[in-house]
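Biologist: Could you walk me through this model at an easy pace? I would like to go through it one topic at a time.

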Amino acid sequence: MMNLAWVVPLFPLGSFILLLLFGRRWKQRSAYVGIAAAFLSLLLALAVLVDRLGGSTYEANWTWMTIGGVTLTVGISATALNAWMLVVVALVSWLVHVYSQGYMAGDERFSTFYAYLGLFTFAMLGLVLSPNLLQAYIFWELVGLGSFLLIGFYFYKEEAKAAAKKAFIMTRIGDVGFFIGMMLLFWQTHSFDYDDIFRAVGDGTLSPGMTTLAVILIFIGAIGKSGQFPLHTWLPDAMEGPTPVSALIHAATMVAAGVYLVAALFPLYEASHAAMMTVATIGGVTAIFAATIGLVQTDIKRVLAYSTISQLGYMMLALGAGSYVAAIFHLTTHAFFKALLFLAAGSVIHAVRTQNIEEMGGLWRRLPWTAPLFLIGALSISGVPLFAGFFSKDEILTAAWTNGPRLLFWLAVAAALLTSFYMFRLFFLVFAGKARHHEDAHDAPASMVAPMLVLGVLSIASGYMQTPWFGSFLGEWLTDGAYRHEAAPGWIAVLATIVSFAGIFLAWLMYGAQKMPRDWLSARVPYVDELLRRHYYIDDIYRLTVVSLVSWISRLLTYVDRFLVEGLARLAAGIVGAAASAGSRGQNGQAQTYGAVTVAGLAILVVIFALTGGYWL
Amino acid sequence: MMFLSLLVFSPLLGIVLLMFVRKTDERMIQWLGTAATVPPLILALFAFIQSGRGFRLERLDEARDWVRLTDLPFLTDAAYVIRYELGIDGLSLVFIVLTAVLATLAALASMLVKTEKKGYFLWLLALEIGMLGVFSAANFVWFFLFLEVTLVAMFLLVGKWGGFERERAAYSYLLYNGLGSALLLVVIAVLLARTGTANFALLHEMLHNPAAEGQLIAPLTEEGRRWLLGGLLLAFAVKLPAVPFHRWIIRVHVEAPPPVVMLHAGVLLKIAAYGMIRFGVGLFPDEFRSFAGVLALFGVINVLYGALLALRQRELKRVLAYSSVSHMGVVLIGLGALNEAGIQGAVLQSVAHGLISALSFLLVGVLAHRMGTTDINRLGGLTKAMPLFSGYLLTAALALLGLPGLAGFVGEFTSFLGLFQTKPALAAVGALGLIFAAVYSLKAVLDITFGRPRDRREAVVSSREPQASAASLGEPQGGVVDLQGKEAVPAFILVALIVAVGVYPQLLAAPLTAVVKTMMNGLGG
């Protein structure tokens, strides 16, 4: 079935086109088109995966454009990584399609929503099938388009409009890095194909300096897309989009594309120590940086957004520490538990019609399905043993300890503590305590609960693909058997467990049992609290530096254009005008003047002729 | 074979028939005017398809004696014959198809033009003849003649059917382009005087084949050639336009009637790109090398300057005008790269920008008609009342900012690919323009379509319904009508073409490959 992998993205594309054309007529029935398309994609993706499990990589290419002697191609490449990503993306996408039927019910632009979901899914599936950088770039930008359209879905809200624009522009800044890096690689290797590029690294066609430069430029693209510091500021704002979108795009799939890209180019990154260090450092810093902001957020989706940024940082750290498997493993478990958390959060928002966690509370009884599912997600992300997140996080910590700088390891441990703390702060604030005026709150319909149930199961089960106890299936398969489990010091798992329970306990003290005052932090170090609440003032810094610089230059150029350029043009016009009036003054009807001019002109011509022999130059 | 003559002059039939229609019969004029653009479209598409199937375009060459200056006693027999010569290759064909398609769509879009329709269509058809002729001409004199036809037609179309400051815009257009043409004429005259021919192929032969050099009436020194090329490039730089010769294009974009801008931005600006490639690279390949760096530099300046100025504009037409400046910079970047990718990129970018700007100005025309303004500050939240229109406008913006999958990306990608080979650092600086393009396009279009309605007319609508919430979205509201059938057709066709080129650029690249290869051979030798 691998030779049919190219069909996988076409189902959602078809759904997009159909819904664009007929969606307004089909109204609520549009959901069935979207769900069916996503389901077909999932089935085929599973078939491809099964095929790949027992076989080897399949690749096919078609001409996209010829330039002189070079043929640029598009195609599909069913490597282990790609086949795996295909299933993860198709699965989460299908679940979100199902969930949205209930969540978006009654929206006037229901069919448009499903159309956009189809477009996004198409682009994401196309991205993870790419055999070359150019195709990856094309779909990379198209997933950005899907994200942009869905963030701005509530177009009449000024916040949504601003968030959509910001998301597009911030990620585009990264994309330009990707673009430049890709171009540089092309002229070094005369190909965009991953395989050709890897070969060039191997045989030394690609110099180490150029490799480092190009992959760091491409990494800037990954920074933008995966919300890594310092291009992360769009991701929290992206929460303006409908919640299912946050689950699909801004938690499970698109934001993980940066991680995927680095993984897909891994041989290239491995060739450059500097690049690996950059990846690890950006990842580690982002992990702790975003986790600290997550501590003080009061919007349920924004807490989750910062948590996503932080977890993506973990994945980058794993990549930088050389553990490709750990990164993909965490990408997978994260896709499931974070999608679960977002969908559960959506269900909460659906029930209480607010996103402010300080206005929530006591929802455990009122949401009998959502609450335990959210708890599963929270336990998983906190790294509580036996849940999926525990295994994947452990893998990352091990990698960071064995290959990474010590500092990054400790940062990652600290981030793990903060993660379990803010997740359970969220849990206790929303579900524990007294119920507050949400008497009418009731749980979501079955169409919303069912996808959450599936994700709940996966948030536990997906961890067992790769454990210290039952073998490392995922790692061995992804690396074609080359993987060997690092002889991890046993204390790392113990430490991770302690840290995770410590965070939960602390959260329970403050927000569950309320034995500790909630303003413990803000009372002691108010400026730190303020710093976190303002997201380290990053947005303000950008506004005061980059944005104002560009607008200053732009204003300056406006004046240059209006006065200098226009002035020169007027001068030229003036000279022509002056010459014209001088000429017409000469035309005064006096034959003597005409004669004089004629003689003088003739004389000049003769002189020129004498000097140049008739031809000048 | 009269195929090319037929293609170029077939709009004449429409002109003649229009003469017999009463001025007041606007429906008939609209119908006839549009129909008159169909024959060249059919012929152009026919040629395109045939050449795709392997038909050799040289077989369409036409030549006829026109002016013979042999009777003068001091001239030899062979010299100074100016013939009526038409001939095309893959490069011209791409532009001819672009012209024919956009002319028909512009004629369709002209239904929003209400005053003096008869005269309007007469000049529009004349403009089309001029444009088709420019790309079909096989010698310099005819190229120039056709170019001047477009100049006159455009001058009148802007000056008479334009906006509030139409006359100023028309004179501005005439002044800049007149100067450009004057310079071009000097170059042509010198070439004619030195070689005795204006035919491109012969010129190429005489300038490059050392054996043929003896036939020159007077030798051309290396320096002389460089001067000629410099003049040529300067003339076309004014018409492209390159910064700092761009002021006229802003005025024309703002003042000319939108359907005319569809042709102006869509085709007329591309004549400069075509000229630079055909004459610059084609006739003076060796000399071109010494100008490549300057062109690339100006390209990058154009890209950034146009984009940065577009950021601050609050009038949609001005945003688009500066974005045209920026996009023409990409053409210069491709030419400055002076390799296969660069030249192909310059052509692809020309076509892509032609389609995209035609779509943009089609929509601008509708917007101005519906809302009475294209001032961004006075518009907002249009998606609510005009969902279809807003969707098209957003598509245009995405195409402008070079989204992959749409035509704009193909042009930019290929041009930049070229420059990254020869001047990576400069190309990297130019690539920053991609960010600014996203900023200005999205800023302008989202301010119009997203957010809260801001226009007076819409404000009235929303005050009648104080609870205008998500529940009431989607219904067309009083006074503002969404894109309708007849307007949606050209918009749909343009989007389809933009997507087609974006998804499968080989469609355009195929006819270009041979031409680009020939030119690169010239460069190599």
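Biologist: To start where the chains meet, how many residues does the contact take from chain B and from chain A?
Modeller: Bear in mind throughout that this is a predicted model. The contact takes 53 residues from chain B, and chain A gives 44 residues to it.

Biologist: Which element of chain B has the largest share of the side that touches chain A?
Modeller: That is α19(B), which supplies 11 residues of the side of chain B that touches chain A. Several helices of chain B supply at least two residues each to this side, among them α10, α13 (285-312), α15 (340-371) and α22 (506-524).

Biologist: And what is that side like by class, counting nonpolar, polar and charged residues?
Modeller: On the side of chain B that touches chain A there are 33 nonpolar residues, together with 12 polar and 8 charged ones.

Biologist: Staying with chain B, what domains does the assignment give?
Modeller: The domain assignment splits chain B into domain 1, covering 1-283, and domain 2, covering 291-525. Taken over C-alpha atoms, the centres of domain 1 of chain B and domain 2 of chain B are separated by 25 Å. Where these two domains touch, 40 residues come from domain 1 of chain B and 43 residues from domain 2 of chain B.

Biologist: Which helix gives most to the domain 1 side there?
Modeller: The largest share of the side of domain 1 of chain B that touches domain 2 of chain B comes from α12(B), with 14 residues. By class, that side of domain 1 of chain B holds 30 nonpolar, 8 polar and 2 charged residues.

Biologist: I noticed a proline just before α12, so where does B:Pro257 lie, and is it buried or exposed?
Modeller: B:Pro257 is in the loop between α11 and α12 of chain B. It is buried, because 25 other C-beta atoms lie within 10 Å, and a residue needs 20 or more of them to be called buried. Not counting residues up to four places away in sequence, B:Pro257 touches B:Val113, B:Trp161 and B:Gly162.

Biologist: Speaking of prolines, which peptide bonds are cis at B:Pro241 and B:Pro244?
Modeller: One cis peptide bond joins B:Leu240 and B:Pro241, with omega at about 0°, and another runs from B:Val243 to B:Pro244, with omega near 5°. B:Pro241 is in the loop between α10 and α11 of chain B, and B:Pro244 also lies in the loop between α10 and α11 of chain B.

Biologist: Back to helices, then: which residues of α2 in chain B are buried?
Modeller: In helix α2 (residues 11-19) of chain B, the buried residues are B:Pro11, B:Gly14 and B:Ile15. Seen down the axis of α2(B), these buried residues fall within an arc of 100°, so they line one face of the helix. On the other side of α2(B), B:Val16 and B:Met19 are exposed.

Biologist: What do those buried residues pack against?
Modeller: The buried residues of α2(B) pack against three helices of chain B, namely α3 (26-36), α4 and α6 (117-136).

Biologist: Let's switch to chain A; how many helices and strands does it have?
Modeller: Chain A has 25 helices and 4 strands. Its C-alpha trace spans about 110 × 60 × 55 Å along its principal axes, and buried residues make up 55% of its 617 residues.

Biologist: At what angle do the axes of α8 and α11 of chain A cross?
Modeller: The axes of helix α8 (residues 208-225) and helix α11 (residues 257-264) of chain A cross at roughly 155° and come within 7 Å. α8(A) and α11(A) are therefore roughly antiparallel to each other, since angles over 145 degrees count that way. Among the residues that make the contact are A:Phe219 of α8(A) and A:Leu261 of α11(A).

Biologist: Last topic: which value of phi does A:His190 have, and what about A:Tyr537?
Modeller: Neither is a glycine, yet A:His190 has a positive phi of about 60°, and phi of A:Tyr537 is likewise positive, near 60°. A:His190 lies in the loop between α6 (158-189) and α7 (194-203) of chain A, and it counts as partly exposed, with 15 C-beta neighbours inside 10 Å. A:Tyr537 lies in the loop between α23 (526-533) and α24 (538-586) of chain A, and with 12 C-beta neighbours inside 10 Å it counts as exposed.

Key:
Residues numbered from 1 in each chain as written. Chains lettered and ligands numbered in written order. Predicted model: local features only at pLDDT ≥ 70, side-chain atom pairs only at ≥ 80, totals over all residues. Domains from an automatic or database assignment. Contact = placed C-beta atoms within 7 Å. Nonpolar A, V, L, I, M, F, W, Y, C, P; charged D, E, K, R; others polar. Arc of directions from axis to C-beta. Axes fitted to C-alpha atoms, helices over the stretch in contact; angles between N-to-C directions. Parallel < 35°, antiparallel > 145°, perpendicular 65-115°, else oblique.
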